[in-house]
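Visitor: Good morning. Could we look through this structure together, one topic at a time?
Guide: Certainly; please begin wherever you wish.

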Amino acid sequence: MEVLSTADLIESLNLGLLAPEYIVTGTLIILLLVDLIWGRPVANKLPWIGLLGLGLASLALIPIWSVSNTDSFLGAFTGDPLGLLFRGIILISAAVTILMSERYIYQSGTAPAEFFVILLTATLGGMLLSGSSEMVMIFVALETLSIASYLLSGYTKLDVRSNEAALKYLLLGAASSAIFLYGMSLLYGLSGGETKLTEIAPKIATMGFPSILALVLVIAGISFKLAAVPFHQWTPDVYQGAPTPVVGFLSVGSKAAGFALAIRFMTSAFPDFATQWHTIFAVLGILSMILGNVVAIAQTSMKRMLAYSSIAQAGYVMIGLAIGTPDGYASMIYYMLIYLFMNMGAFLGVVLFGLKTGTDEISAYAGLYQKDPFLTLCLSLCLFSLAGFPPLAGFFGKLYLFWAGIQAGAYTLVFVGLVTSVASIYYYVRVVKLMVVKEPSEVVQKYTPTDWTLPGMRSLQIGLVFTLVNTVALGLASPILNFTKDSIQNTPILTTAPLAKAEKNAP
Amino acid sequence: MPSLGTGVQFVSFFILSALIIGASLGVVLAPNMLYAAFLLGFTFICLSGIYLLLNADFVAAAQILIYVGAVNVLILFAIMLVNRQAPETPVPLKKIRDGIGGIVCFGLFSLIATTVVRTPWPYSTEAPVTNTTLKIGEQFFTNYLLPFEVSSVLLLMALVGAIMLARREFVPDQTVTGDEPLVLPERSREDLEPALKKLPVSTASEE
């Protein structure tokens with residue numbers, strides 16, 4: 001390659017596109033230094049430093065929206081609107097996770113600074129993953145996200161279940177990384193030494209079977225992050241054992257990064273195999289919707305139920321991926337944004353209840369309405385929204401997803417989605433009914449009114465109100481859907497890639 | 001780097017491959033964990049030989065330094081420190097399970113092997129690089145600048161996480177209410193405070 005002068009090189013790097021990532025990196029270094037210098041006395045300031053950094057990073061996303069040259073770092077990173085929205089979703093989910101973890105960390109007696117540092121690194125990994133367009137970068141970003149997630153799941157290390165969760169997640173995650181890496185090494189060999197996704201596509205178009213093998217291996221690796229059936233075995237145990245705020249982040253932030261990676265990898269590296277990957281994602285989506293919703297019915301632990309519910313929710317989002325139309329992608333982003341608030345809201349409720357009672361059994365929630373109407377309201381609305389009741393946001397999210405599916409002719413997928421959504425109403429409403437109608441359980445009888453002035457409780461309250469407002473209001477805000485549609489139209493990889501018609505009927 | 005003759009390269013490739021396959025089978029099948037660990041080290045050394053044949057001298061050196069020198073020694077330390085002779089618990093239907101596992105592995109192997117043999121791999125026509133270190137450095141600061149920088153954040157986080165995991169923390173025997181300590185991470189902190197006071201000063205100040 002030709003040698004560039006320093007000024008040209010810096011110019012060609014297009015550094016400005018990663019401004020949000022620089023801010024997140026700076027924040028995590030500041031957090032480490034502040035904790036190192038002042039220690040315990042400033043521990044209660046750390047979450048606010050983290051939130052400030054995440055807020056600034058979100059603001060830094062705005063000017064990137066209208067940038068015309070989206071290639072950064074010589075093609076390693078793409079700052080297109082698609083990635084931008086996913087980076088925003090990951091940033092917000094990290095911010096809500098900080099809000100719900102402050103009190104949790106205080107009560108569990110673990111060190112706060114390291115928690116926020118690892119959480120911000122996971123955020124950084126997820127954000128980079130949403131924009132990576134080159135295989136080495138994808139792998140480094142994926143590992144940054146994964147290793148940070150393993151550490152976070154094992155953060156309460158005196159708890160045996162947290163240890164088990166971390167070890168299970170680590171072993172299965174390492175195996176899936178290896179499969180993903182093998183798929184990428186096949187792509188590297190087949191394309192004659194290319195690592196950029198867009199440059200791989202023309203070279204593997206005529207390869208036939210070996211490219212399909214690489215495609216399957218790559219999808220297996222990505223599906224692990226999405227927790228799609230049959231790559232979901234880690235989910236229930238990790239969700240039940242890991243600290244609850246971490247589970248909130250894993251179910252939203254980590255999943256959003258996985259979907260961003262899936263869209264980018266598939267549309268830029270495999271545009272000529274669109275029929276094949278549409279079919280694979282259709283099958284994965286159907287399996288996830290059915291298994292997630294059916295198994296969730298039988299759960300007795302709230303966190304485990306939300307784990308299976310998140311598998312099912314990922315199945316709905318996969319409808320958008322399986323049809324592969326611009327409307328499908330737009331409704332995926334829209335649903336992820338709504339899912340962020342309703343799922344985080346549910347986890348905030350679980351954290352608050354868990355902190356006050358020390359349990360997450362569903363039966364313990366009985367009669368909560370009599371003692372804490374506010375928490376009951378938050379949890380109920382989030383669960384109703386997850387089930388897809390109008391006029392909450394979750395209803396509109398599902399509506400657009402299914403509508404995009406019908407327009408693309410994917411009737412089987414939409415049919416399975418509708419039937420399983422109806423089935424899911426049972427287990428969401430069961431919890432609400434338990435809280436409102438039943439007599440208080442033993443646990444709830446000892447329940448004292450929440451004192452919001454205790455350390456860390458204020459942020460929990462802010463988080464609950466913030467997610468509640470969004471769960472109610474977001475569905476009525478149609479500009480957001482148009483906004484996601486604009487983002488798809490302005491994303492080069494999604495408009496130049498041949499968008500094959502959807503599979504009419506999934507096998 | 002002076003290049004070897006084609007015949008020598010060919011023969012050494014087969015010798016190295018046979019050694020790698022044999023040693024890695026040994027890693028999986030050896031009943032003693034220590035033997036498995038040493039065979040793993042041997043596999044890594046043979047792999048660096050393959051890298052040498054591919055003109056990747058820097059990667060070969062890094063392979064020996066990092067995998068044999070650091071990773072493998074770490075594994076040996078872990079075995080030494082744990083030092084537990086766990087008796088093997090009998091698994092029900094072991095033969096059938098092994099059989100199914102073997103069939104799956106063989107199927108996967110033949111799938112990959114057919115793919116590798118049948119694929120018309122594109123060959124590079126470029127002349128081999130003489131100074132690989134220079135080339136790697138150049139690539140690190142141009143095409144792979146971002147992954148290079150991000151991996152430093154990754155390492156920093158791994159370091160913080162490792163310290164977090166290895167740091168000593170006290171485990172209270174019993175809580176005030178008398179139940180098992182830390183059944184749930186949500187357990188209220190007030191329960192820990194009496195236990196904190198009883199601890200020696202040095203341990204308490206660590207927290």
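Visitor: Is A:Asn14 buried or exposed?
Guide: A:Asn14 is buried, because its relative accessible area is 18%. Buried means under 20%, exposed means over 50%, and partly exposed is in between, with a 1.4 Å probe and protein chains only. Please note that this is a predicted model, in which local features need pLDDT of at least 70 and side-chain atom pairs count only at pLDDT 80 or more, while totals for chains, interfaces and linings use all residues. Residues are numbered from 1 along each chain as its sequence is written, chains are lettered from A and ligands numbered from 1 in the order in which they are written, and side-chain values use heavy atoms, with hydrogens and water left out.

Visitor: Where is A:Asn14 found?
Guide: A:Asn14 is in the loop between α1 (6-13) and α2 (19-38) of chain A. Helices (H or I, at least four residues) and strands (E, at least two) are DSSP runs, numbered from the N terminus. The phi of A:Asn14 is near 55°, which is positive in a residue other than glycine.

Visitor: And what about the phi of A:Leu74?
Guide: A:Leu74 is not a glycine, yet its phi is positive, at about 55°. This residue sits in the loop between β1 (71-72) and β2 (77-78) of chain A. A:Leu74 counts as partly exposed because its relative accessible area is 22%.

Visitor: New topic: which peptide bond leading to A:Pro230 is cis?
Guide: The bond from A:Val229 to A:Pro230 is cis, with omega near 5°. A:Pro230 belongs to the loop between α9 (209-226) and α10 (234-241) of chain A. The bond from A:Pro390 to A:Pro391 is also cis, with omega near 0°.

Visitor: How many residues does each chain bring to the contact?
Guide: Chain A brings 57 residues and chain B brings 40, where contact means heavy atoms within 4.5 Å.

Visitor: How many salt bridges are there between chain A and chain B?
Guide: The count is one salt bridge, defined as a side-chain nitrogen of Lys or Arg within 4 Å of a carboxyl oxygen of Asp or Glu. A:Glu114 pairs with B:Arg167, and their closest N and O atoms are 3.4 Å apart.

Visitor: Lastly, how is chain B divided?
Guide: Chain B has domain 1 (1-85 + 92-130), domain 2 (137-167) and domain 3 (170-207); the bounds come from an automatic or database domain assignment. The centres of domain 1 and domain 2 of chain B, taken over C-alpha atoms, are 26 Å apart.
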